[in-house]
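Trainee: I'm new to this one, and I'd like to know the reasons behind the labels. Can we go through them together?
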Amino acid sequence: MKVLVAVKRVVDYNVKVRVKADQSGVDIADVKFSMNPFDEIAIEEAVRLKEKGVATEVIAVSMGVAQCQETLRTALAMGADRAIHVQSDAELQPLAVAKLLKAICDKEQPQLVILGKQAIDDDCNQTGQMLAALAGWSQGTFASKVEISGSDISVIREVDGGLQTVALKLPAIVTTDLRLNEPRYATLPNIMKAKKKPLDAVTPEALGVDVTPRLKTLKVTEPPKRKGGIKVKTIGELVDKLKNEARVI
Ligand code: AMP
């Protein structure tokens with residue numbers, strides 16, 4: 001069984017991004033980029049499936065600028081077998097990424113596609129669901145446990161207020177939540193080996209996908225500065241403030 005994993009290159013989660021003066025976006029010049037944390041979990045899950053003998057091949061896919069190849073090399077060092085880079089300098093929104101993944105699925109015929117539940121830069125939480133719709137495949141989103149037996153896949157999902165278990169048929173789309181696994185670090189020998197693993201590059205045009213953005217960002221603003229808290233002396237005072245000042249009860 002082939003497993004396809006989508007890995008996005010995003011601003012590292014430790015970087016505190018600054019909004020540009022013209023409010024057109026955030027300033028990403030000279031900041032550190034890494035693999036989206038949920039996608040590290042996705043690669044880890046696929047590699048574990050291979051180690052268990054369930055998956056036969058793990059293919060990492062990334063879409064975007066030339067430096068996405070560094071992200072793909074990390075995926076290869078973590079254990080993916082080969083990589084595909086869809087090269088584009090355009091802004092790739094979730095629908096475009098989902099269409100590109102669909103085109104790659106048509107070519108590669110994986111039985112399982114694993115994505116992160118969301119990219120920490122745009123926080124869209126859309127691509128996996130859109131891909132499931134385009135492909136007409138079942139989806140198990142926000143997965144905290146995945147079990148595969150033959151053509152059946154059981155996914156435990158983290159939902160508000162608890163866990164939901166869904167039974168799906170392969171081929172399927174899974175999106176990862178934080179508790180699915182703890183991704184391994186790429187060791188130096190594996191980083192060296194990854195340099196020799198195959199990495200193919202394609203373009204959206206070659207895949208027949210129009211990636212023109214459908215959404216326009218009107219403005220990006222900093223969150224309001226948090227005001228300092230206060231201490232209340234009695235429960236009565238707390239209730240009064242919640243009712244009459246914050247107006248939340
Ligand atoms: P989003 O819907 O943008 O929050 O992204 C959800 C997931 O889709 C990510 O965790 C990735 O697995 C995948 N994804 C989104 N954009 C890209 C991209 N440019 N390249 C590869 N995977 C992506």
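Mentor: Sure, let's begin with the cysteines. This is a predicted model, and in it the sulfur of Cys105 lies 18 Å from the closest cysteine sulfur, the one in Cys68.

Trainee: Why is Cys105 not counted in a disulfide?

Mentor: A disulfide is a covalent bond between the sulfur atoms of two cysteines. The cut-off is within 2.5 Å, and 18 Å to Cys68 is too far for a bond, so Cys105 doesn't qualify.

Trainee: And what about the sulfur of Cys124?

Mentor: For Cys124, the closest cysteine sulfur is also in Cys68, at 16 Å, so that is too far for a bond as well. By this rule the count comes to 0 disulfides.

Trainee: What makes Cys105 buried or exposed?

Mentor: Its relative accessible area. Buried means under 20%, and Cys105 has 3%, so it is called buried. Cys124 has 23%, so it is called partly exposed, since that label covers values between 20% and 50%.

Trainee: How do you know whether strand β6 is enclosed?

Mentor: Look at residues 57-64: 8 of the 8 are buried, so β6 is largely enclosed by the rest of the structure. Both faces are covered, with Glu57, Ile59, Val61 and Met63 on one side and Val58, Ala60, Ser62 and Gly64 on the other.

Trainee: Which strands pair with β6?

Mentor: Strand β1 (residues 2-6) pairs with β6 in the parallel sense over 5 bridges, and Lys2 stands opposite Glu57 there. Strand β7 (residues 82-87) also pairs with β6 in the parallel sense, over 6 bridges. Pairing takes at least two bridges, so both β1, with 5, and β7, with 6, pass. From β6 the chain goes through helix α2 (residues 68-78) to β7, in a right-handed β-α-β crossover.

Trainee: What makes strand β8 "mostly covered"?

Mentor: In β8 (residues 112-116), 5 of the 5 residues are buried. Leu112, Ile114 and Gly116 make up one side, and Val113 and Leu115 the other. Strand β8 pairs in the parallel sense with β1 over 3 bridges, where Leu4 has Val113 as its bridge partner. Another 5 bridges join β8 to strand β12 (residues 172-176), also parallel.

Trainee: What is there on the surface?

Mentor: A nonpolar patch with about 720 Å² of accessible area together, including Ile230, Val232 and Leu242. Leu242 lies in helix α6 (residues 235-244). With a relative accessible area of 30%, Leu242 is called partly exposed.

Terms used
Residues are numbered from 1 along each chain as its sequence is written. This is a predicted model: local features need pLDDT of at least 70, side-chain atom pairs count only at pLDDT 80 or more; totals for chains, interfaces and linings use all residues. Side-chain values use heavy atoms; hydrogens and water are left out. Buried means under 20% relative accessible area, exposed over 50%, partly exposed in between (1.4 Å probe, protein chains only). Helices (H or I, at least four residues) and strands (E, at least two) are DSSP runs, numbered from the N terminus. A crossover is right-handed if, with the strands pointing away from the viewer, the path from the first strand over the helix to the second runs clockwise. Patches are made of residues with over 30% relative accessible area and no salt bridge: like charges are joined within 9 Å, nonpolar side chains (Val, Leu, Ile, Met, Phe, Trp, Tyr) within 5 Å. Accessible areas come from the Shrake-Rupley method with a 1.4 Å probe; for residues, only the protein chains shown count as cover. A salt bridge is a side-chain nitrogen of Lys or Arg within 4 Å of a carboxyl oxygen of Asp or Glu.
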